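Biologist: Before we discuss this model, could you put it on the screen, so that each statement can be set against its criterion?

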Amino acid sequence: MQHEEHALSQPLYLQPASLEEALAALAARRLTVLAGGTDFYPARVGRPIAEDILDITRLAALRGIAQEADGWRLGALTTWSELVAQPLPPLFDGLKRAAREVGGVQTQNAGTLAGNLCNASPAADGIPALLALSTQVELASVRGVRCVPLAQFVLGSRATACGRDELVSAIRVPPHAADARSTFLKLGARRYLVISVVMVAATLETGHDGRVTRAALAIGACSPVAQRLPALEQRLVGQPRSAALAQVPQGNDLDVLAPISDVRGTAAYRRDAGLTLVRRALAALADD
Ligand SMILES: Cc1cc2nc3c(=O)[nH]c(=O)nc-3n(C[C@H](O)[C@H](O)[C@H](O)COP(=O)(O)OP(=O)(O)OC[C@H]3O[C@@H](n4cnc5c(N)ncnc54)[C@H](O)[C@@H]3O)c2cc1C
């Protein structure tokens, strides 16, 4: 009897093979989504898993990177390693640089882009890199599909706009100019396998006259949610793409941030390092 009661209280583990099945299951009961598990399992060390699980790793509809009429579609289950291995235009150089910074290769082989967004850590390396690509998050449920700008998807530390019955199905990158290129710089206490103190992602587009037509800059680990720097982005437009771009950012461009002081660095250090990384990112893109 005791054994039966124990068996009845076992959490559910669902691993559907179709998106329709997965969405129906999510609509029917509260389930925790499991992708690569690289955030999920470390958050549960030392205690049994008590919640019902929806393992989405068999959902082929959530895989693959494709160029479509309205931009690029990165399937939610795209792993960091798959992204790095895929031939992509220079627009994605920054995201690829971020991918190589997500833990070690084992973590990059299992961890997914959508998992990084949904976990919504202030130190998530993927978030600034994807913010600087002006991405939209595609959410699927039995009610249909909706797209939310990434800046509105991550609501706070560990908080997102993903509904209880929704899955992130893809990340959508809007069309950019053919010459668009991006970069990503991460500062940690050591070179690899480190939680970011600050990270900066930048994307630049340039016109035929060699002047910047569009700039996107994002800083992570300096506020609960990574932030774009709209005032600086505006000032960069019209500037010649040259080493002088690195002189445009000023300290008050980082006023949108709210860095904390912790074991990894003080707020003042984060602000100072953030400005330095923004300048270096622009210098790197000007030089490219
Ligand atoms: C050793 C180690 C080092 C790491 N280093 C870094 C690092 O340097 N930088 C960094 O940014 N991260 C790092 N991480 C964290 C982690 O690897 C990444 O955040 C990874 O991208 C998470 O993806 P996942 O598929 O493993 O997510 P999971 O652990 O499967 O899920 C994470 C969260 O997202 C939800 N979720 C996942 N997919 C979906 C979906 N499609 N729709 C709705 N909800 C979903 C889950 O319910 C869960 O809440 C590290 C992890 C480890 C173990």
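Modeller: In this predicted model, the place of Asn 119 is in helix 6.

Biologist: What makes Asp 39 and Arg 158 contacts of Asn 119?

Modeller: Contact requires heavy atoms within 4.5 Å. Asn 119 touches Asp 39 and Arg 158 on that criterion, with residues up to four places away in sequence left out of the count. As for Ala 159, its C-alpha atom is separated by 7.8 Å from that of Asn 119, although the two residues are 40 apart along the chain.

Biologist: Which residues come nearest to the ligand?

Modeller: Of the 30 residues around the ligand, Val 33, Thr 38, Asp 39, Phe 40 and Thr 112 come nearest. By class, the residues of this shell divide into 16 nonpolar, ten polar and four charged. Helix 6 gives the largest share, five residues.

Biologist: How do you know that the ligand has a polar contact with the side chain of Thr 38?

Modeller: A polar contact is a pair of N or O atoms within 3.5 Å. An oxygen atom of the ligand is 2.6 Å from an N or O atom in the side chain of Thr 38, so this pair meets the cut-off. Two further pairs can be set against that limit: a ligand oxygen lies 3.2 Å from a polar backbone atom of Gly 103, and a nitrogen atom of the ligand lies 2.7 Å from a polar side-chain atom of Asp 125. Taken alone the ligand exposes 980 Å², of which the protein buries 81%. The elements that give two or more residues to the shell around the ligand are strand 2 (32-34), helix 6 (113-119) and strand 10.

Biologist: Strand 10 also belongs to a sheet. Why do strand 4 and strand 7 count as its edges?

Modeller: The sheet is open, with five strands in the order 4-5-10-6-7 and antiparallel pairing. Strand 4 (65-68) and strand 7 (144-149) each have a single partner strand, so one side of each is left without a neighbour in the sheet. Neighbouring strands here are turned by 25° against each other on average, direction ignored.

Biologist: What makes strand 6 and strand 10 a pair?

Modeller: Pairing asks for at least two bridges. Five bridges join strand 6 (residues 136-141) to strand 10 (residues 167-173), and the two run antiparallel, so the criterion is met. Val 137, for example, has Ile 171 in strand 10 as its bridge partner. Helix 2 (residues 19-28) packs on the sheet, touching strand 6 and strand 10, and its direction makes about 125° with that of strand 10.

Biologist: How do you know that strand 13 and strand 14 pair in the other sheet, where the order is 11-12-13-14?

Modeller: In that open, antiparallel sheet of four strands, strand 11 (181-187) and strand 14 (227-228) are the edge strands, each pairing on one side only. Two bridges join strand 13 (residues 212-220) to strand 14, and because at least two are required, these strands pair. The bridge partner of Ala 218 in strand 14 is Arg 228. Helix 10 (residues 267-287) lies across strand 11, strand 12 (198-206) and strand 13, running at about 30° to strand 12.

Methods
Residues are numbered from 1 along each chain as its sequence is written. This is a predicted model: local features need pLDDT of at least 70, side-chain atom pairs count only at pLDDT 80 or more; totals for chains, interfaces and linings use all residues. Side-chain values use heavy atoms; hydrogens and water are left out. Axes are lines fitted to C-alpha atoms, for helices over the stretch in contact, and angles run from 0 to 180 degrees between N-to-C directions. A residue is near a molecule or strand if one of its heavy atoms lies within 4 Å of it. A polar contact is a pair of N or O atoms within 3.5 Å; within protein, one must be able to donate a hydrogen and the other to accept it, and residues adjacent in sequence count only if both atoms are side-chain atoms. Accessible areas come from the Shrake-Rupley method with a 1.4 Å probe; for residues, only the protein chains shown count as cover. Ala, Val, Leu, Ile, Met, Phe, Trp, Tyr, Cys and Pro count as nonpolar, Asp, Glu, Lys and Arg as charged, and the others, Gly among them, as polar.
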